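The following paragraphs lead through a two-chain model, strand by strand and then across the chain boundary. Please keep the sequence and the structure in view while reading.

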Amino acid sequence: MGSFDEFDLATRMFLRAWRWRRIDPVPWTVPRRPVARARLALVSTAGFVAPGQPGFDEKVRGGDPSWRVIPAGVDPRSLREFHRSESFDHSGLAADPNLGFPLDRLREMAAAGVIGEVAPRHLSFMGSITAPGRLVRDSAPGAARLLVEDQVDLALLVPV
Amino acid sequence: MSLVAAELERRGIATVAIVLLREVAEKVRPPRALWVPFRHGYPLGCPDDPALQRSVLEAALALFERPETDAPLIVDFGSESP
């Protein structure tokens, strides 16, 4: 299961000592409509890019804060994962990107009436950002504006 | 990821974050979180297992029905009946 014990000693020590940013106050939006009528977007931190998009840059100090727009019509099997971490097994995501970007599952759930509809655009970040200043200041607000523009009701964030 | 969730919430989009490290979620405090007992690289369980992936997604979606009084909310996958 997901735990610090999955990582090597240096990573464990880093994670335990890291001063995690505490969200306070915790914002809370009451969904505008029931899930079965809502428009839902995915937000992944696996560093996925769609065909033709540039990869994430692992050389950016503190982590690459950029983000990619993943169009709803993309075949999940065509997504490439650019997460820089060597601390986890990437083979599952390579075999089935739905494991971290479950677009096929959302389409099935929309067809079954579990959710209202799949949003037209989804977001991809690369996690493990150790210096999140630019992410908080620029990337997250820009990405949020895009989902607001698309009248998204709900967002599901999937880690890696 | 939780920092992005917070920004979305502030802009009027409700969020659920699937999380792999419960103790990190407890520290960072995304509004709604579903902790899953899977290792890193496998956030929805197993590749090519649509039933399990769907089950995780349904558990995550159920958190949208929870009241604001529960914030910040962390629920363990499998701990509640669908």
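In this predicted model, strand β1 (residues 39-44) of chain A pairs in the parallel sense with strand β5 (residues 117-118) of chain A, over two bridges. Within that pairing, L40(A) stands opposite V118(A). β1(A) also runs parallel to strand β6 (residues 121-125) of chain A, to which two bridges join it; here S44(A) faces S124(A). A further parallel pairing links β1(A) with β7(A) over five bridges, and in it A41(A) is set opposite A155(A).

The surroundings of β1(A) match a covered position: six of its six residues are buried. In a regular strand, side chains alternate between the two faces of the sheet. In β1(A), one side carries R39(A), A41(A) and V43(A), the other L40(A), L42(A) and S44(A), and both faces are covered.

Where does V152(A) lie? V152(A) is found in the loop between α4 and β7 of chain A. Because 25 other C-beta atoms lie within 10 Å, V152(A) counts as buried, the threshold being 20 or more. Apart from residues up to four places away in sequence, V152(A) touches R39(A) and A41(A), as well as A119(A), L147(A) and, from chain B, I13(B). By contrast, A94(A), 58 residues away in sequence, is 28 Å from V152(A), C-alpha to C-alpha.

The contact with I13(B) leads to the boundary between the chains. In total, 52 residues of chain A are in contact with 47 residues of chain B. On the chain A side, α2 (91-95), α3 (103-111), α4 (133-149) and β7 (154-158) each supply at least two residues, and α4(A) gives the largest share, eight residues. By character, this side of chain A divides into 34 nonpolar, ten polar and eight charged residues.

Strand pairing also crosses the boundary. β7(A) and strand β1 (residues 14-19) of chain B pair in the parallel sense over four bridges, with A14(B) as the bridge partner of L154(A). L157(A) is in contact with V43(A) and with several residues of chain B, including M1(B), V4(B), A5(B) and I18(B), when neighbours within four places in sequence are left aside.

Within chain B, β1(B) pairs in turn with β2(B), again in the parallel sense, over three bridges, and V19(B) stands opposite W35(B). β2(B) is covered on both faces, with R32(B) and L34(B) buried on one side and A33(B) and W35(B) buried on the other.

Helix α3 of chain B packs on these strands. Its 13 residues reach 18 Å from the first C-alpha to the last, close to the 18 Å expected at 1.5 Å a residue. Among its buried residues are Q53(B), V56(B), L57(B) and A60(B). The buried residues of α3(B) pack against β1 and β2 (32-35) of chain B, together with α3 and β7 of chain A. The largest nonpolar core has 65 residues, of which A155(A), L157(A), L34(B) and A60(B) touch the most other members.

What confidence does the predictor give the complex? The complex has an ipTM of 0.95 and a pTM of 0.93. Chain B averages a pLDDT of 93, and 98% of the residues score at least 70. Among the elements of chain B, α3 (residues 50-62) has the highest mean pLDDT, 98, and α2 (residues 22-28) the lowest, 92.

How values were computed. Residues are numbered from 1 along each chain as its sequence is written. Chains are lettered from A and ligands numbered from 1 in the order in which they are written. This is a predicted model: local features need pLDDT of at least 70, side-chain atom pairs count only at pLDDT 80 or more; totals for chains, interfaces and linings use all residues. A nonpolar core is a set of buried Ala, Val, Leu, Ile, Met, Phe, Trp, Tyr and Cys residues joined through C-beta atoms within 7 Å. A residue is buried if 20 or more other C-beta atoms lie within 10 Å of its own, exposed if 12 or fewer, and partly exposed in between; C-beta atoms are placed from the backbone. Two residues are in contact if their C-beta atoms, placed from the backbone, lie within 7 Å. Ala, Val, Leu, Ile, Met, Phe, Trp, Tyr, Cys and Pro count as nonpolar, Asp, Glu, Lys and Arg as charged, and the others, Gly among them, as polar. Two strands pair if DSSP finds at least two bridges between them. pLDDT is the predictor's confidence in each residue, from 0 to 100. The expected span of a helix is 1.5 Å times one less than its number of residues.
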